[in-house]
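Welcome! Here is a short, friendly tour of one protein chain. Take a moment to look it over before reading on.

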Amino acid sequence: MIKRYLIHLYPKTFSRAAVNGTLLMGGLITALFLSLCVTGVLLLFYYSPEASSAYSSIIYLEEKVFGGRFIRALHLWSSHILLITIALHMVRTIFTGTYTVRASNWKLGYILFGLMVFEAYTGVLLPMDQLSYWATKTGMELVNILPFGEYIRKLLTPDDVGGRLTLIRFFAMHIALIPLVCVFLISAHLYNVRRDGGLHPKSDTAKTKSDPFLFNLTWFIAAAAVTVPAVLAVVSGAPLEEPADPALPPNPAKSAWFLLWIQEIVSWKAWLFNPFAVLFVLYFFLPDFRRKYQPETSEWFSKNDASVWGLTLFLCAAVLVLTAVAMFFRGENWSLVPFYF
């Protein structure tokens, strides 16, 4: 049945030149997203989105349901890997210069990246343990520094982090609203790939039958999307601390790992984040700024696009360093320590 579906999904022939890192990472992102949907549905059978019972439902899932602990960990690690993969996918698009050739897909992917980060953030609160509560609480403090931040915070957390309305709002966004928008955008993204030549680049007229190469490649990507997070789920599991206690903040209180670099910047001066926020918005319009740069084929680190990939490389390094500092070298009262984990 799946093969019949793939026959309709793929063209009868393709060009091997089109099978590159971008295609593989795009396939991996799609497979991870589907895996998250499946594991998320399984978790729905036992999770209670009530502030008073959310934590106990996670305990029940982990201790009483066969495979429950593994499914939760698989969902968590799939989410982590998805964020890393989509970030690498976008960076690769910049480093190879293809963002200018497929401008609409760059913008769709950029919105998807922001939605995936927000999707991960809304899922952080759901266990309602100390770790998730204070990570969400810290994240909301970071929202305050954004333009209209106070309005956004009130919209997301009407009765503060951990309140009944806030948990239901995060739950609804996490399981329905954001995934539905992502499905629509992913479909549009894949449609654009096919429309723009996708597996049939104009520069390569050599054709190969899709069956069995593309079908086998699909199985390989699907296996990787399940196997890698499954191994990490078995080895590391998913963290679960004591029930959330608003009166007992940890020291230091850290946000979700993908927001730590922002927390580190804000710990210096809040206004220092403003240039990064402006750059984040400007990157959406990157193809519009680079209309004169239209490479015929993708080229890694082209001299003609050095200003863009050079700035991107610097920003990526800065985010990695800031994340590492916040994650491993911040101790009590956010003081620098030799190593903290």
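A residue is called buried when its relative accessible area is under 20%, exposed when that area is over 50%, and partly exposed in between. With that in hand, helix α10 (residues 260–268) has these buried residues: L260, W261, I262, Q263, E264 and I265. Please keep in mind that this is a predicted model.

**The whole chain**

- The secondary structure of the protein chain adds up to 13 helices and 2 strands.
- The chain has a radius of gyration of 21 Å, which agrees with the value near 20 Å for a compact globule of 341 residues.
- Along its principal axes, the C-alpha trace spans about 65 × 50 × 40 Å.
- Of the 341 residues in the protein chain, 42% are buried.
- Among contacts with a separation of 6 or more, 78% are made by residues 24 or more positions apart.
- The accessible surface is about 18,700 Å², and carbon and sulfur atoms account for 70% of that surface.

**Helix α10 and what covers it**

- What lies over the buried residues of α10? The cover includes α6, α11 (273–284) and α13.
- In the loop between α9 (210–236) and α10 you will find P252.
- The peptide bond leading from N251 to P252 is cis, and its omega is near 10 degrees.

**Helix α6: K137 and L131**

- K137 belongs to helix α6, which covers residues 130–143, and L131 lies in α6 as well.
- Is K137 buried or exposed? Its relative accessibility is 19%, so K137 counts as buried, given that the cut-off for buried is under 20%.
- L131 has a relative accessible area of 37%, so this residue is partly exposed.
- Setting aside neighbours within four places in sequence, K137 is in contact with D160 and V161.
- With the same kind of neighbours left out, those within four places in sequence, L131 is in contact with P239 and E241.
- L131 and S53 are 78 residues apart along the chain, and their C-alpha atoms are separated by 17 Å.

**D160, the partner of K137**

- The side chains of K137 and D160 are joined by a polar contact of 3.0 Å.
- D160 sits in the loop between α7 (149–156) and α8.
- Its phi is near 70 degrees, a positive value in a residue other than glycine.
- Why does D160 count as partly exposed? Because its relative accessibility is 34%, which falls between the 20% and 50% cut-offs.

**Helix α8 and its kink**

- Helix α8 (residues 164–195) contains 32 residues.
- From its first C-alpha to its last, α8 reaches 45 Å, close to the 46 Å expected at 1.5 Å a residue.
- Where is the kink in α8 centred? Look at M173, where the helix has a kink of about 45 degrees.

**Helix α13 and the loop before it**

- F301 is placed in the loop between α12 (286–289) and α13.
- Phi of F301 is near 50 degrees, which is positive in a residue other than glycine.
- With a relative accessible area of 35%, F301 is partly exposed.
- F328 is found in helix α13, which covers residues 306–328.
- F328 has 25% relative accessibility and therefore counts as partly exposed.
- The C-alpha atoms of F328 and L282 are separated by 31 Å, and the two residues are 46 apart along the chain.

Terms used
Residues numbered from 1 in each chain as written. Predicted model: local features only at pLDDT ≥ 70, side-chain atom pairs only at ≥ 80, totals over all residues. Heavy atoms only, no water. Helix = DSSP H or I, 4+ residues; strand = E, 2+ residues; numbered from the N terminus. Buried < 20%, exposed > 50% of the residue type's maximum accessible area, 1.4 Å probe, protein only. Polar contact = N/O pair within 3.5 Å; in protein donor to acceptor, adjacent residues only side chain to side chain. Contact = heavy atoms within 4.5 Å. Expected span 1.5 Å × (residues − 1). Bend = angle between axes of the 7 residues up to and from the residue. Rg over C-alpha atoms; globule rule 2.2 N^0.38 Å. Areas by Shrake-Rupley, 256 points an atom, 1.4 Å probe, with all protein chains shown as cover.
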